[in-house]
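Here's a quick look at a small set of computed numbers for one protein chain. Have the structure open while you read.

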Amino acid sequence: MCIGSSCHLRGSRDVVQILERNIALNGLRDQIELKGSFCMGECKEGVCVSVDGKRFSVTPAETEAFFNREILGRLSI
């Protein structure tokens with residue numbers, strides 16, 4: 001996920017904290033690697049998050065739904 005200056009201003013710290021909490025609550029620490037990256041070139045709408053090579057723009061307010069849809073949804077396949 002991007003932690004560059006633009007995404008930082010859009011709430012990347014909050015997104016990181018929400019994702020870390022959800023990963024822990026779902027017992028997924030050994031299955032998910034959460035790591036930061038500087039600018040990923042997707043600065044338009046929200047914090048850029050990459051999952052399996054696919055990029056998403058995520059705001060802090062929608063991070064929980066994003067986690068449920070894109071992370072938990074992929075693990076249950």
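## Confidence and overall layout

This is a predicted model, and confidence varies a bit by element: helix H2 (residues 12–25) has the highest mean pLDDT, 95, while helix H1 (residues 5–9) has the lowest, 87. Across the protein the mean pLDDT is 89, with 97% of the residues reaching 70 or more.

| Element | Residues | Mean pLDDT |
|---|---|---|
| Helix H1 | residues 5–9 | 87 (lowest among the elements) |
| Helix H2 | residues 12–25 | 95 (highest among the elements) |

What does the fold consist of? There are three helices and two strands, and going along the sequence they come in the order α-α-β-β-α. The radius of gyration is 12 Å, close to the 11 Å from the globule rule for 77 residues, so the protein is as compact as a globular protein of that length. If you'd like box dimensions, the C-alpha trace spans about 30 × 20 × 20 Å along its principal axes.

## Contacts, surface and charge

Now for how the chain packs. Take the contacts with a separation of 6 or more: 59% of them are between residues 24 or more positions apart. Of the 77 residues, 32% are buried, meaning under 20% relative accessible area.

On the outside, the accessible surface comes to about 5,000 Å², and carbon and sulfur atoms account for 49% of that.

How far apart are the mean positions of the positive and negative charges? With 10 of each sign, the two mean positions sit 3 Å apart.

Methods: Residues numbered from 1 in each chain as written. Predicted model: local features only at pLDDT ≥ 70, side-chain atom pairs only at ≥ 80, totals over all residues. Heavy atoms only, no water. Helix = DSSP H or I, 4+ residues; strand = E, 2+ residues; numbered from the N terminus. Rg over C-alpha atoms; globule rule 2.2 N^0.38 Å. Buried < 20%, exposed > 50% of the residue type's maximum accessible area, 1.4 Å probe, protein only. Contact = heavy atoms within 4.5 Å. Areas by Shrake-Rupley, 256 points an atom, 1.4 Å probe, with all protein chains shown as cover. Lys, Arg positive; Asp, Glu negative; His and termini not counted. Charge placed at Lys NZ, Arg CZ, Asp CG, Glu CD. pLDDT = per-residue confidence, 0-100.
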